[in-house]
Amino acid sequence: MTEVKREKFGEWPLGGGTVEKILLKSSTVKVEIISLGCIITALETKDKDGKFSDIVLGFDHLEGYTNKHPYFGAVVGRVANRIARGKFTVEGVEYQLAINNGPNSLHGGKKGFDKAIWEPEVLPDGVRFFRVSPDGEEGYPGELKVWVMYTLKDGELTISYRAQSSKTTPVNLTNHAYFNLAGQGSPNIYDHEFTIQADSYLPVDETQIPTGEIASVQDTGFDLRKPVEFGKHLQKFQLGGFDHNFCLKQTKETCFCARAHHPPSGRMIEVYTTQPGIQFYTGNFLDGTLKGKGGCVYPKHSGFCLETQNWPNAVNQPNFPDSLLHPGEEYKTTTCFKFSVA
């Protein structure tokens, strides 16, 4: 049985509306999600001694989320990840988006889906959020209706995304939760073990845009097909961290793609998705300047993201999976996080 509760989280400044919080609770997992950006503000799971800890980075109060932050817990869109130079052409028309990440457009632009207040509808085992992204919002074509549904069943949190557009537009939606399985506020993730079920990855240029090459992980630091301990792995391959798309089997079914395990606590996350890619990001740009929950600071490598997605800049790369949604079609993807102890 999942318990679902709805309460007020705060007021958006200058009369921007009420932000609500939805609490989902099973016997092993507790999740809090707010109507601003469909943000997961807290996620508690048990360790091997049965003790609950919050394993996502974030803030105690709404103010933290209304100020600039690195997309903690948020649904990002209309297009997650980077679009080169913020430009793309659809049906002969060139579109220019806001540039907000070096020379590129990132996570939907200056006011992406993470900064919008969504309409929540409480379900027996979760919540469905809805919003309409107007035609031209952040430079994107077409009015886009978007639904994001979170459901909790025992130890499984499933996020389902749906969208319909009035014009042909790129769409790529994901959740940007930062996890630390030792508990949020723990100084780093070096003792975590990571596995990603991918034979290839996308090398990137100096602005983090994929070069277009689909490279084999074999004999590289990107081969995570068997578990690696993060800290030792970085040293072995002289890496500064990961911020890369790993290429998954392309299938309509929900398939296993990644696992994170924290041996000292026993906590484990397994990720299943219908998406063709997963961005593995290890908090390389966290720098300890933000005050998080309980006054914690979040230094470099103190959290990781497993963002299931289409491949970055796919709209400009004909050999990448198609990212365009046409009128009359439905965008539909599902990602499931299974929390357990091992």
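User: What radius of gyration does the protein chain have, and what would a compact globule have?
Analyst: This is a predicted model, where local features need pLDDT of at least 70, side-chain atom pairs count only at pLDDT 80 or more, and totals for chains, interfaces and linings use all residues. Residues are numbered from 1 along each chain as its sequence is written, and side-chain values use heavy atoms, leaving out hydrogens and water. The radius is taken over C-alpha atoms, and the globule rule is 2.2 Å times the number of residues to the power 0.38. For 342 residues a compact globule would come out near 20 Å, which agrees with the chain's 19 Å.

User: How many helices and strands does the protein chain have?
Analyst: Both kinds are DSSP runs numbered from the N terminus: helices are H or I with at least four residues, strands are E with at least two. Going by that, the protein chain comes to two helices and 27 strands.

User: Is strand β13 largely enclosed or not, and how many of its residues are buried?
Analyst: Strand β13 covers residues 144-153. Buried means under 20% relative accessible area, exposed over 50%, and partly exposed in between (1.4 Å probe, protein chains only). Strand β13 is largely enclosed by the rest of the structure, because the buried count among its ten residues is seven.

User: Which strand does β13 join through ten bridges?
Analyst: Two strands pair if DSSP finds at least two bridges between them. Eight bridges join β13 to the antiparallel strand β12 (residues 126-133), with F129 partnered by V148 of β13. The ten bridges, also antiparallel, lead to residues 156-165, where L152 stands opposite L157, and that strand is β14.

User: Which residue takes a positive phi in the hairpin of β13 and β14?
Analyst: The hairpin has two residues between its strands. The one with a positive phi, near 55°, is D154.

User: Which are the edge strands of the five-strand open sheet?
Analyst: The order is β19-β18-β21-β24-β25, with antiparallel pairing. Inside that sheet, β21 (residues 243-247) and β24 (residues 277-281) pair over five bridges, and N245 has Q279 in β24 as its bridge partner. An edge strand pairs on one side only, and that describes β19 (215-216) and β25 (305-309).

User: Which strand gives the most to the largest nonpolar core?
Analyst: A nonpolar core is a set of buried Ala, Val, Leu, Ile, Met, Phe, Trp, Tyr and Cys residues joined through side-chain atoms within 4.5 Å. The largest has 58 residues, and L43, Y150, F179, F246 and F304 touch the most other members. With five residues, the strand that gives the most is β13.

User: What does F179 touch?
Analyst: Contact means heavy atoms within 4.5 Å. Residues up to four places away in sequence are not counted. Among the residues touched by F179 are I55, V56, I189, I269, F337, F339, L43 and F304.

User: Is W12 buried, exposed or partly exposed?
Analyst: W12 lies in strand β1 (residues 3-12). Leaving aside neighbours within four places in sequence, W12 is in contact with G17, L36, L62, T66, K115 and I117. I117 is 105 residues away in sequence, yet the C-alpha to C-alpha distance is 9.0 Å. At 24% relative accessibility, W12 counts as partly exposed.

User: How much of the protein chain is buried?
Analyst: The chain's C-alpha atoms fill a box of roughly 60 × 50 × 40 Å along the principal axes. Out of 342 residues, the buried share is 57%.
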